[in-house]
Amino acid sequence: MHSRAENEFRLLHYPATPVSELATGTATRIAEHTDFGTITMLFQDSTGGLQVEDHSQIGSFRDVESSAPTDIILNIGDSLQRLTNDTFKAACHRVTYPPNVKDNGVDIIPERYSIAYFAKPNRNASIRPLKEFITEANPCRYENITAWEWNNLRIAKLY
Ligand SMILES: O=C(O)CCC(=O)C(=O)O
Ligand SMILES: [Fe+2]
């Protein structure tokens, strides 16, 4: 399913931004979203600001703090959620101001660098739920669609 290595590699640079703009929503670093592929490997610098939504409390986001810049954060993406028929749920995440900046009286959040490696199924592969994840109690939840069709549907919705 990943034999063609149709993956994506993204180098991100977020410029320094006033806290007030992020707090009021005039600016965003990256708005909440799920990734489209199966698994994303994420490397972040020490600036912070990455948050993930708590599946048990939808709408509430928790800070993801790395203990070292060499830490790798693994995110589940939509394709793995579909393939596993919701057994593994995609992680909804976003980047905003780092924890505690408001209390520390910081006006400008420093620039931020991160690297994301998106593992994606072969474009022509179906991401219909695998039969191992379909049971009477958990019937098939997703239509048959290729990874590329799904990718393009998500892009069309975002932009
Ligand atoms: O910069 C980050 O840590 C997150 C980037 C991200 O979520 C993405 O590019 O999909
Ligand atoms: Fe992402």
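# A tour from the cavity to the iron ion

Start by selecting Glu6, Glu8, Phe36, Gly37, Ser79, Lys120, Pro121, Arg123, Ala147, Trp148, Trp150 and Asn151, which line the largest cavity. The model on screen is a predicted one. The volume of this cavity is about 90 Å³, and the structure holds one cavity of 30 Å³ or more. Colour the lining by class, and five residues come up as nonpolar, three as polar and four as charged. Which element gives the largest share of this lining? That is α3, with four residues.

**The whole chain**

Now show the protein chain as a cartoon. The chain has three helices and ten strands. Followed from the N terminus, the elements come in the order β-β-α-β-β-β-β-β-α-β-β-β-α. The C-alpha trace spans about 55 × 35 × 30 Å along its principal axes. Colour by burial, and 41% of the 159 residues count as buried.

**The four-stranded sheet**

Next, select β1, β10, β4 and β7, which in that order make an open sheet with antiparallel pairing. At the edges are β1 (8-14) and β7 (73-76); each has a single partner strand, so one side of each has no neighbour in the sheet. On average, neighbouring strands here are turned by 20 degrees against each other, direction ignored.

Go through the sheet pair by pair:

- β1 and β10 run antiparallel and are joined by seven bridges. Pick Glu8, the residue already met in the cavity lining, and look across to Phe118 in β10, which stands opposite Glu8.
- β10 and β4 are also antiparallel, with six bridges between them. Here Phe43 has Ile115 of β10 as its bridge partner.
- β4, residues 39-44, pairs with β7 in the antiparallel sense over four bridges. Select Leu42 to find Ile73 of β7 opposite.

**The largest pocket**

Turn next to the largest pocket, where the space amounts to about 460 Å³. Which residues are closest to the centre of this pocket? Of the 26 residues in the lining, they are Arg10, Ile30, His33, Asp35 and Phe118. Phe118 is the residue that stands opposite Glu8 in the sheet.

To see which elements surround the pocket, highlight β1, β3 (30-33), β4, β8 (93-95), β10 (112-119) and α3 (147-158); each supplies at least two residues of the lining. Three of the sheet strands, β1, β4 and β10, are therefore in this group. α3 also takes part in lining the largest cavity. Coloured by class, the pocket lining has 13 nonpolar, seven polar and six charged residues.

**The iron ion**

Finish at the iron ion (ligand 2). Which atoms coordinate this ion? They are NE2 of His33, OD of Asp35 and NE2 of His93, at 2.1 to 2.2 Å. His33 and Asp35 were selected a moment ago, among the residues closest to the centre of the largest pocket. Along the chain, the donors of the iron ion follow the spacing H-x1-D-x57-H. Because His33 belongs to strand β3 and His93 to strand β8, the pair ties together parts that are 60 residues apart in sequence.

Are the two histidines buried or exposed? Both His33 and His93 are buried. The strands that carry them, β3 and β8, each give at least two residues to the lining of the largest pocket.

Notes. Residues numbered from 1 in each chain as written. Chains lettered and ligands numbered in written order. Predicted model: local features only at pLDDT ≥ 70, side-chain atom pairs only at ≥ 80, totals over all residues. Heavy atoms only, no water. Pairing = 2+ DSSP bridges. Axes fitted to C-alpha atoms, helices over the stretch in contact; angles between N-to-C directions. 1 Å grid on protein atoms, 1.4 Å probe; cavity = no way out; pocket = protein on both sides within 12 Å on 5 of 7 lines; lining within 4 Å. Points joined across faces, edges and corners; volume = space filled by probe spheres on them. Nonpolar A, V, L, I, M, F, W, Y, C, P; charged D, E, K, R; others polar. Donors = N, O, S within 2.8 Å, 3.2 Å for Na, K, Ca; no water. Buried < 20%, exposed > 50% of the residue type's maximum accessible area, 1.4 Å probe, protein only.
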